[in-house]
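Subject: Structure handover

Hello,

Here is the structure I promised to pass on. Please open it first, then read the notes below it.

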Amino acid sequence: MDLLEQTKQLCKMYEIKPARSKGQNFLIDEESYDAIIRAADLKKDDTVLEVGPGLGFLTAILAKIVKRVVSVELDDKLAGLLQIALDSQGVENVEVVNQDVMKFEISDLFPLAKGEIKRGYKIVANLPYNITSQFLRKFLSEVEIKPESIVLMLQKEVVERITAGPGEMSLLAVSVQFYAEAELVEVVKAENFWPAPKIDSAIVRLKLKEKIPLTPLIKGAVDEKDFFRLVKFGFSARRKMLKNNLAGGLHMKQGEIEEKIKKIGLDPKIRAQDLSMEDWMGLYKEFYQ
């Protein structure tokens, strides 16, 4: 029985009606599951935080590879079904958490006090697309205990924005690439899901940086609020030149802004989407150091 037949059978048996509002489009392609596993680069001693386990196909694979899996599922019925399936199979290294991942305390994964472990887990998630931004903000910047890596299934368009380079950069790209190296792993066509969504998806791998990228350029710790304040001003009006956006946001004269832009070797007529991460680092140094 293939994954589509298994998925339909389980949904019929347990009266599960996939809800678009919850992003419930079940992955039914074995090759895509394999691609997720390869991207996660799992080791036998790893702890994996799985978000959105759905019917548990990926959970079962993870459980065979790693030491511990924590599967966070918002839907009550799906969480209950997953627990029943795990119990019936005698799987003991998976914990099912029936909760909103945005309210989940990551420190609960570890028996140690907050701060003792800075990184000790990997994330694998087939996220509801409507929580992507909040999820990335939480696990890249807000949680005290950060993951080593994050592998996500997201909308193809969003993955392309996250992994963009100079010429197509956005506030989202800078916000993610400040904390992690981002790579588009594989495109997953809509027909590989049931029910099929209207758009294609893609797998993205985020490998968190050991140190924030500005550290080698400055003395002392970077002020992330200042950095992102600068970036937000830079992207405030996409059609305008960077110097105009920064002059308006920082309440400085365009001439002063232009000199700082030229000082790091950039064209004073450049737009925010054309800057690399290194360019933003240089600008930060000019404005705040």
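One cut-off before the findings: a residue is called buried under 20% relative accessible area, exposed over 50%, and partly exposed in between. By that rule Glu 160 is partly exposed, because its relative accessible area is 38%. Keep in mind throughout that this is a predicted model.

**Overall picture**

The protein has 289 residues, and 47% of them count as buried. It holds 11 helices and nine strands. Along the principal axes, the C-alpha atoms fill a box of roughly 70 × 45 × 30 Å. About 15,000 Å² is exposed, and carbon and sulfur atoms supply 48% of that area. Take the contacts between residues at least 6 apart in sequence: 67% of these join residues at least 24 apart.

On charge, there are 43 positive and 44 negative charges. Their mean positions lie 7 Å apart.

**Salt bridges**

The structure contains nine salt bridges. Three of them are described here, starting with the pair that includes Glu 160.

Glu 160 pairs with Lys 156, with the closest N and O atoms 2.8 Å apart. Both residues sit in helix H6 (residues 156–162). They are four residues apart there, so about one helical turn separates them. Lys 156 is partly exposed, with a relative accessible area of 27%.

Next, Asp 41 and Lys 43. Their side chains meet in a salt bridge at 3.0 Å, N to O. Asp 41 has a relative accessible area of 46%. The value for Lys 43 is 43%. Each falls between the two cut-offs, so Asp 41 is partly exposed and so is Lys 43.

The third pair is Lys 122 with Asp 46, again with the closest N and O atoms 3.0 Å apart. This one links distant parts of the chain. Lys 122 is in strand S5, Asp 46 is in the loop between H2 and S2, and their positions lie 76 residues apart in sequence. Both Lys 122 and Asp 46 are buried.

**More on Lys 122**

Strand S5 covers residues 122–125. The relative accessible area of Lys 122 is 7%, which is under 20%, so the residue counts as buried. What does Lys 122 touch, beyond its neighbours within four places in sequence? The list includes Ala 40, Asp 41, Leu 42 and Lys 43. It also includes Asp 46, Thr 47, Val 48 and Leu 49. Glu 148 and Ser 149 are on it too. Note that Asp 41 and Lys 43, the salt-bridged pair above, are among these contacts. Leu 78, for reference, is 44 residues from Lys 122 in sequence and 22 Å away in space, C-alpha to C-alpha.

**A buried acid without a partner**

Asp 279 lies in helix H11 (residues 277–288). It is buried, yet it has no salt bridge. Where is the nearest side chain of opposite charge? That is Lys 285, 13 Å away. A salt bridge needs the nitrogen within 4 Å of the carboxyl oxygen. Leaving out neighbours within four places in sequence, Asp 279 is in contact with Ile 264, Leu 266 and Asp 274.

**A negative patch**

Five residues gather in a patch of negative charge on the surface: Asp 2, Glu 5, Glu 30, Glu 31 and Asp 34. Helix H2 (residues 30–40) gives the most to it, with three residues. Asp 2 comes from the segment before helix H1 (3–13). Its relative accessible area is 41%, so Asp 2 is partly exposed.

**Pro 53**

Pro 53 is in the loop between strand S2 (47–51) and helix H3 (57–65). Is this loop residue buried or exposed? Pro 53 is buried, with a relative accessible area of 6%. Apart from neighbours within four places in sequence, Pro 53 is in contact with Thr 59, Ser 71, Val 72, Glu 73 and Leu 82. Leu 275 is 222 residues from Pro 53 in sequence, and their C-alpha atoms are 37 Å apart.

Best wishes

Notes. Residues numbered from 1 in each chain as written. Predicted model: local features only at pLDDT ≥ 70, side-chain atom pairs only at ≥ 80, totals over all residues. Heavy atoms only, no water. Helix = DSSP H or I, 4+ residues; strand = E, 2+ residues; numbered from the N terminus. Buried < 20%, exposed > 50% of the residue type's maximum accessible area, 1.4 Å probe, protein only. Lys, Arg positive; Asp, Glu negative; His and termini not counted. Contact = heavy atoms within 4.5 Å. Patch = residues over 30% accessible without salt bridge, like charges linked within 9 Å, V, L, I, M, F, W, Y side chains within 5 Å. Areas by Shrake-Rupley, 256 points an atom, 1.4 Å probe, with all protein chains shown as cover. Charge placed at Lys NZ, Arg CZ, Asp CG, Glu CD.
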